[in-house]
Amino acid sequence: MPRAVPFDLDRLRDPALRPIGEKLNAGERLSLSDGVTLFTTPDLNGVGAMADAANRARHGDRVTFASNQHINPTNICVLRKTCVFCGYARLPKEEGAYRYSLDQVLAESDRADGTITREFHIVGGLDMQAGLAYYTEMFRALKARHPQVHIKALTAVEIAHIARIEKMSRADVLTALREAGLDTLPGGGAETFSAAVREQIADKKLGGTDYIDVHRTAHQLGIRSNCTMLYGHVETIDDRMQHLAMLRDLQDETGGFLAYIPLAYHPDDNELGATLGRTGTSTTGFDDLRNLAVGRLFLDNFEHIKSHWIMVTPSLTQVALHFGVNDIEGTVVREKIYHAVGAHTPQGMTLPQLLQLIRGAGKQPAERDSFYRVLREFGPGETGESQQADTALAVA
């Protein structure tokens, strides 16, 4: 059951929000229709105030980030022609296609040397030549070279792809990857679970129920994971709520999700954006904040809601810290996938800049590990520069 959160109902301007505020006060779970109300009310500040109260009840003023480095080992993908919102994927012989050798992966991983990097975030395309042996060899080599670094790797879509080409069960694939060094799963590949939506934006991609099944299997094996929702394309409010309900149901069942991260659709440099006539536009700040706040309020069994500054800008992420968010992206080096579809945010952020962003919102910055255990808090004026501020930090 969700916890009761004291909240002043007089802060709500829209009377339709009052029953939701009463449920927040009483510690009652929100319904799907409550979620629709949160997405459609004109009182965004009221939604944010409730989400902020729910977040403060759990985390106070602490905002966390984790030291993380991206490695994208291949952009070759069998869904190149059907996943129309992606600008990153390539066919095997297409210009710009690549698949890293093990030496190239290790060379990229060596950026972690001399930094406080604690996690490798590894995702890529559905490459027919990148099967189980490719990744188990990679993970073993990374663990041997950087034994202190956590491996968060391979979306549910990639896990299912490996199982299919190897003719193995998903459980056996996950077990083999875990034995090779996999620690947790990222949340990508969820998009929006609606079958009708997936048919339009990601035909032939792993379906929503199968995404849930991969994460359920991982949780049953003791592998924690994260989850996402891509919003701002062709989905409806009802589609969003059904997606969130499926995530909440699995969390009730397994408790295996670490964090929820809503991801804003970028329409540039992809077929879907051109078809929708959306090139050069983006999601609105209102919708970005609303998705984060609704995640905090509806997903009452999730401890952590994360904002992805690469997708929604550092400035909006700062505002999001008062809309239910307790965890944010850290500094990122060589981010490829989101910038391939029109993200205009910086490629990286220094640790002092990150600390300034959090403190500027009146919050207390803290570094965490991949399981959200706090490692250190930064006192007033502390910059962290003495501990390799140029490190690569968090992505979900």
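Buried here means under 20% relative accessible area. With that in hand, here are some close-ups of this predicted model.

**Close-up 1. The buried residues of helix α4.** Helix α4 covers residues 102–109, and its buried residues are Val 105, Leu 106, Glu 108 and Ser 109. Look down the axis of α4 and these buried residues fall within an arc of 160°, so they line one face of the helix. What do the buried residues of α4 pack against? Their partners are two strands, β2 (68–71) and β3 (119–122), plus the helix α5 (132–145).

**Close-up 2. Ser 109, a buried residue in α4.** Ser 109 sits in helix α4, and it counts as buried because its relative accessibility is 0%. Its side chain reaches the backbone oxygen of Leu 106 at 2.7 Å. Leu 106 is itself one of the buried residues of α4. Setting aside neighbours within four places in sequence, Ser 109 is in contact with Gln 69, Ile 71, Phe 120, Leu 142, Arg 145 and His 146.

**Close-up 3. Cys 83 and Cys 86, with no disulfide.** A disulfide is a covalent bond between the sulfur atoms of two cysteines. How many turn up in a search of the whole structure? Zero. For Cys 83, the nearest cysteine sulfur belongs to Cys 86 and is 5.9 Å away. Going the other way, the nearest cysteine sulfur to Cys 86 is that of Cys 83. A disulfide would need the two sulfur atoms within 2.5 Å.

**Close-up 4. Buried or partly exposed: how do Cys 83 and Cys 86 count?** Cys 83 has 7% relative accessibility, so it counts as buried. Cys 86, at 25%, counts as partly exposed.

Conventions. Residues numbered from 1 in each chain as written. Predicted model: local features only at pLDDT ≥ 70, side-chain atom pairs only at ≥ 80, totals over all residues. Heavy atoms only, no water. Buried < 20%, exposed > 50% of the residue type's maximum accessible area, 1.4 Å probe, protein only. Helix = DSSP H or I, 4+ residues; strand = E, 2+ residues; numbered from the N terminus. Arc of directions from axis to C-beta. Contact = heavy atoms within 4.5 Å. Polar contact = N/O pair within 3.5 Å; in protein donor to acceptor, adjacent residues only side chain to side chain.
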